[in-house]
Amino acid sequence: MEAENHTEVSEFLLLGLSDNPKLQSLLYGVFLSMYLFTVLGNLLIILAISSDSHLHTPMYFFLVNLSLVDICFTSTTIPKMLVNIQAQSKHISYIGCHIQVYFFMVFGGMDSFLLTVMAYDRYVAICQPLYYTVIMNPHFCGVLVLMSWLIISWDSLIHILLMRRLTFCIGTEIPHFFCELAQMLKLACSDTLINNIVLYVATALLVVFPLTGILFSYSQIVSSLMRKSSARGKYKAFSTCGSHLSVVSLFYGTGLGVYLSSAVTHSSLQNSVVSVMYTVVSPMLNPFIYSLRNKDVKGALRRLLNPVVSYPGQITSLRTK
């Protein structure tokens, strides 16, 4: 019977955040606005850094990758939610659900890895400034990003292959606005022991270790800054780390909130609402954090959006000619 159910299941039902038609219209407008802000904000960060040769450094190379991942991360879940609201439908195909789970894990994991790599970059820049250009050379930076993609892609693929062997009952309802691995394991009609073991081990390796790396990097940074006598040097160092620390706090803080919410309460609606902070709000706020707290990015954005004001000398010289 389980095998039969497995072969016949062709779709799931995403219950979303609300069944109220009036509230759904409001949700559509809110999430569409947040999605457009996320894509536009991160795209501006990418264009600003790419167009400014002064920002072609390891730190901003990683920031470009982070912005690209944030766009993809949000695009994994929100467009499908918007389509379902617009079409008054809750359906998602069996294959589509697996694809969503896979890319959600890939881009979520890449966020964690990139934040760790950026913390290491700040550690080398502040604690070993004389060797910074030697250690953080373009080849090494590219290898760090490539290895992150390979590790998280293979890890996500293992989860999907293990998930494919599970059986689901026909008409399975997912109390969420997207397909998430932990939620799918709870809804499976077959034994999920192996899946849960792999999930816990992967979480320990791919979440705890990066977070430990970030904490270690900043402990060394703080220790190094305490030994500096120059107040100006301390301020400059802290200012370069401020944006990254804010993004790290937002990313891991919202992620921890999702975990604690699912552990403390069994309300699927409350868990879904908390997940919005992790999947939508965090990627949306990242560009604002970097543009408001970073003078270099702010200047690059100003030159990108208003080149006539940014280069008045060039315009004047052209007019005199």
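**Notebook: helices, rings and core**

I began with helix H9, residues 193–226. H9 has 34 residues and runs 48 Å from its first C-alpha to its last. That is close to the 50 Å expected at 1.5 Å a residue. I note here that the model is predicted.

Next I listed the buried residues of H9. Polar names on the list include Asn-195, Ser-217 and Ser-224. Leu-199, Leu-206, Ile-214, Ile-221 and Leu-225 are also among the buried residues. So are Ala-202, Pro-210 and Tyr-218.

**Aromatic pairs**

How many aromatic pairs does a search of the whole structure find? I got 15. I opened Tyr-102 and Phe-103 from that search. Their pair is edge-to-face, with 5.1 Å centre to centre and 80 degrees between the planes. The angle is over 60 degrees, and therefore the pair counts as edge-to-face. I checked exposure for one partner: Phe-103 is partly exposed, at 36% relative accessible area.

Then I took Phe-251 and Tyr-278. This pair is tilted, with 5.7 Å between centres and 40 degrees between planes. Where do the two residues lie? Phe-251 sits in helix H10 (residues 231–264), Tyr-278 in helix H11 (residues 268–293). The pair therefore ties together parts that are 27 residues apart in sequence.

Are these two rings buried or exposed? Phe-251 is buried, with a relative accessible area of 6%. Tyr-278 has 19% relative accessibility. The cut-off for buried is under 20%, so Tyr-278 counts as buried too.

I followed the ring pairs further. They link a cluster that includes Phe-251 and Tyr-278. Its other members are Phe-31, Phe-73, Phe-104, Phe-177, Phe-178 and Tyr-252.

**Nonpolar core**

I looked up the largest nonpolar core. It has 84 residues. Which residues have the most contacts inside it? They are Phe-31, Leu-63 and Met-184. Helix H5 (residues 94–127) gives the largest share of this core, 18 residues. Phe-31 thus turns up twice in my notes, as a member of the ring cluster and among the core residues with the most contacts.

I then picked Leu-63 and left aside its neighbours within four places in sequence. Leu-63 is in contact with Ile-45, Ile-49, Met-118, Tyr-290 and Val-297.

**A buried glutamine**

Last, I went to Gln-24, in helix H2 (residues 21–51). Gln-24 has a relative accessible area of 13%, so it is buried. What does Gln-24 contact, leaving aside its neighbours within four places in sequence? I found Ser-18, Asp-19, Ile-85 and Gln-88.

Technical notes:
Residues are numbered from 1 along each chain as its sequence is written. This is a predicted model: local features need pLDDT of at least 70, side-chain atom pairs count only at pLDDT 80 or more; totals for chains, interfaces and linings use all residues. Side-chain values use heavy atoms; hydrogens and water are left out. Helices (H or I, at least four residues) and strands (E, at least two) are DSSP runs, numbered from the N terminus. Buried means under 20% relative accessible area, exposed over 50%, partly exposed in between (1.4 Å probe, protein chains only). Contact means heavy atoms within 4.5 Å. Rings of Phe, Tyr and Trp (its six-membered ring) pair if their centres lie within 6.5 Å; planes under 30 degrees apart count as stacked, over 60 as edge-to-face and the rest as tilted. The expected span of a helix is 1.5 Å times one less than its number of residues. A nonpolar core is a set of buried Ala, Val, Leu, Ile, Met, Phe, Trp, Tyr and Cys residues joined through side-chain atoms within 4.5 Å.
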